[in-house]
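Reader: Could you take me closely through one helix-to-helix contact in this model, and then place that contact in its surroundings?

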Amino acid sequence: MLKRILLIYGEAIRRIDSKEDLPPEPLADSAKIIRDFIEDYHEKLEENFLFPRFKEANKLVDLVDVLLQQHQAGRRLTDITMHLATNQALKNADDRRKLVDSMRQFIRMYNPHEAREDTILCPAFRGIVSAHEFDSLGEDFEKKEDELFGEDGFFKVVDRVAEIEKRLGIYDLAQFTPKT
Ligand SMILES: [Fe+2]
């Protein structure tokens, strides 16, 4: 999900840079998905259930500190992006520059952030909790997801992301295959 929003932000930046039309709604909706699904849900789980266990086990402590700081920095950037994803701001050169800056910084931080979590943090997590605890945490997370986003909540958010991609012309996957 995060990766797909990063691609949407990339397209938004490209459109602003090349002075193409950019409707504010898909951008506002993207930032809202980041806020609700990534920051207020997914990252909260990392912060409440993963990071403290690494600290207790005294493993990857420096990495966990940086990841937490990045979550906090990400929230500040999303505040800016949400605030500037409006018609009025998009018409103002100064605001456009601030908006592009906040999306650029977000992409620049979250690509390595996610890559490090996927390849270092998450695999190491299995080593510091028992198989039983790992499974029961997984179930807790699913329950929380249903609570917050309803049954099949994940798929509904994916559908919203797809709608945004369609609106911005980046949904069709085959367009990215090199022509031979
Ligand atoms: Fe994270």
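Author: The contact to look at is the one in which Ala 28, Ala 31, Lys 32, Ile 34, Arg 35, Glu 39, Glu 43, Glu 47, Phe 51, Phe 54 and Lys 55 of helix 2 meet Val 61, Val 64, Leu 68, His 71, Gly 74, Arg 75, Thr 78, Thr 81 and Met 82 of helix 3, where two residues are in contact if their C-beta atoms, placed from the backbone, lie within 7 Å. The residues of this contact divide into nine nonpolar, four polar and seven charged; Ala, Val, Leu, Ile, Met, Phe, Trp, Tyr, Cys and Pro count as nonpolar, Asp, Glu, Lys and Arg as charged, and the others, Gly among them, as polar. The model is predicted, with local features requiring a pLDDT of at least 70 and side-chain atom pairs counted only at pLDDT 80 or more, while totals for chains, interfaces and linings use all residues. Residues are numbered from 1 along each chain as its sequence is written.

As for geometry, the axes of helix 2 (residues 24-56) and helix 3 (residues 61-84) come within 10 Å and cross at roughly 160°, the axes being lines fitted to C-alpha atoms, for helices over the stretch in contact, with angles running from 0 to 180 degrees between N-to-C directions. That makes helix 2 roughly antiparallel to helix 3, a term for angles over 145 degrees. The crossing of helix 2 with helix 3 is left-handed, meaning that the near helix is turned anticlockwise from the far one by less than a right angle.

Around this pair, the chain has seven helices and zero strands, both taken as DSSP runs (H or I, at least four residues, for helices; E, at least two, for strands) and numbered from the N terminus. Buried residues make up 18% of the 180 residues in the chain; a residue is buried if 20 or more other C-beta atoms lie within 10 Å of its own, exposed if 12 or fewer, and partly exposed in between. Of the contacts with a separation of 6 or more, 72% are between residues 24 or more positions apart.

Helix 2 and helix 3 also take part in the largest nonpolar core, which has 19 residues, with Ile 5 and Tyr 9 having the most contacts inside it; such a core is a set of buried Ala, Val, Leu, Ile, Met, Phe, Trp, Tyr and Cys residues joined through C-beta atoms within 7 Å. Two or more residues of this core come from each of helix 1 (2-17), helix 2, helix 3, helix 5 and helix 7 (153-167), and helix 2 gives the most, with six residues. Beyond residues up to four places away in sequence, Ile 5 touches Ser 30, Ile 33, Ile 34 and Val 161, and Ile 34 is also one of the helix 2 residues that meet helix 3.

Another residue to follow is Glu 117, in helix 5 (residues 93-128), which is partly exposed because 19 other C-beta atoms lie within 10 Å. Glu 117 lies 9.2 Å from Leu 63, C-alpha to C-alpha, although 54 residues separate them in sequence. Leaving aside neighbours within four places in sequence, Glu 117 is in contact with Leu 67 and Cys 122.

Before helix 2, Lys 19 sits in the loop between helix 1 and helix 2 and has a positive phi of about 55° although it is not a glycine. Lys 19 is exposed, with 8 other C-beta atoms within 10 Å.

Methods:
Parallel < 35°, antiparallel > 145°, perpendicular 65-115°, else oblique.
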